[in-house]
Amino acid sequence: MTGQLPKDPISRMMKKGETGVAAMQPSPEQAFDAPWHAEVFALAVHLNEGGHFDWPEWAGRFGENLAAAKMVKIGVGEGLDGSDDYYQIWLQTLIEFMQEKGLVDAEMLASIKAQWRDAYLQTPHGKPVHL
């Protein structure tokens, strides 16, 4: 062993000195950093399952968009952050597909974006935004 702690949650908790029930109940790992990441991921899965596009088609386009975004970030001396950037590109790809497949048009997208912006601006800080 290299002196590093084991990565499993129970070992991490026991090393922190927790005992009893607390030491036996691992904390769930969060799959997404933000709720909208999960939502945009689920929407892509839903549209795929609905037959609107297949995964090879999705993966190809997403890969192209990811590579293009990476080149832009490198060009300005930055890198992708691996989470928010990734899901921004996921969303961009999803919007492209939805427009190409006739599921949404630019006018509808602009209207929804304006509704969300207004709802966000009218929501007190720390409260969930509802459309």
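Buried here means under 20% relative accessible area, exposed means over 50%, and partly exposed is anything in between (1.4 Å probe, protein chains only). By that yardstick, Glu-96 is partly exposed because its relative accessibility is 22%. Keep in mind that this is a predicted model, where local features need pLDDT of at least 70, side-chain atom pairs count only at pLDDT 80 or more, and totals for chains, interfaces and linings use all residues. Residues are numbered from 1 along each chain as its sequence is written, and side-chain values use heavy atoms, with hydrogens and water left out.

Glu-96 is a good way into the salt bridges (a side-chain nitrogen of Lys or Arg within 4 Å of a carboxyl oxygen of Asp or Glu). The whole structure has four of them. In one, Glu-96 meets Arg-61 at 3.0 Å, N to O. That pair links distant parts of the chain, with Glu-96 in helix H5 (residues 84-100) and Arg-61 in helix H4 (residues 55-75). Helices are DSSP runs of H or I, at least four residues, numbered from the N terminus. Arg-61 also meets Glu-100, at 2.9 Å; Glu-100 lies in H5, so this pair ties together parts 39 residues apart in sequence. Arg-61, Glu-96 and Glu-100 are thus linked in a network.

Now look at H3. Its buried residues are His-37, Val-40, Ala-44, Leu-47 and Asn-48. They sit on the same side of H3 because they cover an arc of only 105° around the axis, taken from the directions from the helix axis to the C-beta atoms. The face turned away carries the exposed Pro-35, Glu-39, His-46 and Glu-49.

Methods. Helices (H or I, at least four residues) and strands (E, at least two) are DSSP runs, numbered from the N terminus.
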